[in-house]
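Hello,

Here is the structure I promised to pass on to you. Please have it open while you read, since my notes follow below.

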Amino acid sequence: MAAAAAAAAAEQQSSNGPVKKSMREKAVERRNVNKEHNSNFKAGYIPIDEDRLHKTGLRGRKGNLAICVIVLLFILAVINLTITLVIWAVIRIGPNGCDSMEFHESGLLRFKQVSDMGVIHPLYKSTVGGRRNENLVITGNNQPIVFQQGTTKLSVEKNKTSITSDIGMQFFDPRTQNILFSTDYETHEFHLPSGVKSLNVQKASTERITSNATSDLNIKVDGRAVVRGNEGVFIMGKTIEFHVGGNVELKAENSIILNGTVTVSTTRLPSSSGGDPLAAGEWVRYKLCVCADGTLFKVPVTAQNMGCQVADNPCGSAH
């Protein structure tokens, strides 16, 4: 009865407000809580499945990609180091600068030692030259030295030096600016440079070819020489000689005029050592006839000791 009355009293007090505990009751309650906590080893433990946890770091494809990037950076670093060592060995960079070349503010690049190069591409309107009192020596190892700008090319070989250009060429003295040789025929007449005795060409187109008054004009070919004029060919000289190993062929649309003494050397003409090839019909002979005005024509020889009197004589009555 007493306990029920106490409980009823406690409930009545709690309904009226918070129950105030004594110091002893608080100490006993704290002791019981600590005792229960120290004896409970599973307090705060939650069973976890590690496969369901969020994993951090680079795993799977991302990890492989990261390894590839690292390997690539390592390879690039090795290549960069190799290039740096090669540049350092070739240019010879030292504490005092480059031992093999100099760079100037004007854009001049000066090589101070012998340089081994393959192909050089100068910039627009560039100049390649040597020192004032020294020669510029360019050597090709068993290869020709070629200077090329657009379609103009200068090739220096062991046995010859050739210059080819589609737009023409001009040589002048850099000190006096005098033109020594030019292919601009409209402005300058073509002359061989001083010291040049012969000119070797495969094809030449010009209005006239002359020689000095005290020297002969010699035209020599290894094969066949063709001289063609759109409005005729005029050959003038004190003495004109043709030395050929084959045939001489003269063609004209209108006429061929030989003004002067014409001499034909028969030392190399075919001749019969015996018999009469004409009577046997082995050869076909022609007699070369000259008109009074210099017109040449041929007459087939059908009998011995025949003259130039034919029915279709181009000279008329005078021949």
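What follows is a short tour, from the whole chain down to single residues.

One caution before anything else: this is a predicted model, and the values below were computed from its atoms.

**The chain as a whole**

The protein chain has four helices and 11 strands. Of its 319 residues, 6% count as buried. As for contacts with a separation of 6 or more, 9% of them are between residues 24 or more positions apart.

**The nonpolar core and the disulfide**

Which residues make up the largest nonpolar core? There are eight: Cys 289, Cys 291, Phe 297, Val 299, Val 301, Met 306, Cys 308 and Cys 315. Within that list, Cys 315 touches Cys 291 and Phe 297, leaving out residues up to four places away in sequence.

Two of the core cysteines deserve a closer look. A disulfide joins Cys 289 to Cys 308, with an S to S distance of 2.0 Å. A search of the whole structure finds one disulfide, so you can go straight to this pair: Cys 289 sits in strand β10 (residues 286-290) and Cys 308 in the segment after β11 (296-300), and the bond therefore ties together parts that are 19 residues apart in sequence. If you care about its geometry, the torsion about the S-S bond of Cys 289 and Cys 308 is about -85 degrees, which means the disulfide is left-handed.

Are the two partners buried or exposed? Cys 289 is buried, as its relative accessible area is 1%. Cys 308 is buried too, with a relative accessible area of 16%, and the cut-off for that label is under 20%. Cys 68, by contrast, counts as exposed, at 51% relative accessibility, where the label requires over 50%.

**The second largest pocket**

You may want to look at the second largest pocket, which has a volume of about 2500 Å³. It is lined by 49 residues, and those closest to its centre are Ile 120, Val 128, Leu 136, Ile 138 and Phe 147. What is the make-up of the lining in nonpolar, polar and charged residues? The lining of the second largest pocket divides into 23 nonpolar, 19 polar and seven charged residues.

Several strands take part. At least two lining residues come from each of β4 (109-111), β5 (145-149), β6 (152-156) and β8 (170-172). The largest share of the lining, five residues, is supplied by β5.

**Two buried serines in strands**

Ser 155 belongs to strand β6 and counts as buried, at 8% relative accessibility. Apart from neighbours within four places in sequence, Ser 155 is in contact with Pro 144, Ile 145, Val 146, Lys 160, Thr 161 and Ser 162.

Ser 182 is in strand β9 (residues 179-182). At 7% relative accessibility, Ser 182 also counts as buried. The C-alpha atoms of Ser 182 and Gly 168 are separated by 7.8 Å, with the two residues 14 apart along the chain.

**Loops and backbone angles**

Some backbone background helps here. Most residues other than glycine have a negative phi. Which residues show a positive phi in this model without being glycine? Asn 142 is one of them, with a phi of about 60 degrees. Asn 142 lies in the loop between β4 and β5 and is exposed, with a relative accessible area of 80%. Gln 177 is another, with a positive phi near 60 degrees, and Gln 177 is placed in the loop between β8 and β9.

A last loop position to visit is Gly 245, in the loop between β9 and α4 (277-280). Gly 245 counts as exposed, at 72% relative accessibility. Between the C-alpha atoms of Gly 245 and Gly 223, which are 22 residues apart along the chain, the separation is 9.5 Å.

If you only have a few minutes, I would start with the disulfide between Cys 289 and Cys 308, and then turn to the second largest pocket and the residues closest to its centre, Ile 120, Val 128, Leu 136, Ile 138 and Phe 147.

Happy browsing, and best wishes

Key:
Residues numbered from 1 in each chain as written. Predicted model: local features only at pLDDT ≥ 70, side-chain atom pairs only at ≥ 80, totals over all residues. Heavy atoms only, no water. Core = buried A, V, L, I, M, F, W, Y, C linked by side-chain atoms within 4.5 Å. Buried < 20%, exposed > 50% of the residue type's maximum accessible area, 1.4 Å probe, protein only. Contact = heavy atoms within 4.5 Å. Disulfide = S-S within 2.5 Å. 1 Å grid on protein atoms, 1.4 Å probe; cavity = no way out; pocket = protein on both sides within 12 Å on 5 of 7 lines; lining within 4 Å. Points joined across faces, edges and corners; volume = space filled by probe spheres on them. Nonpolar A, V, L, I, M, F, W, Y, C, P; charged D, E, K, R; others polar.
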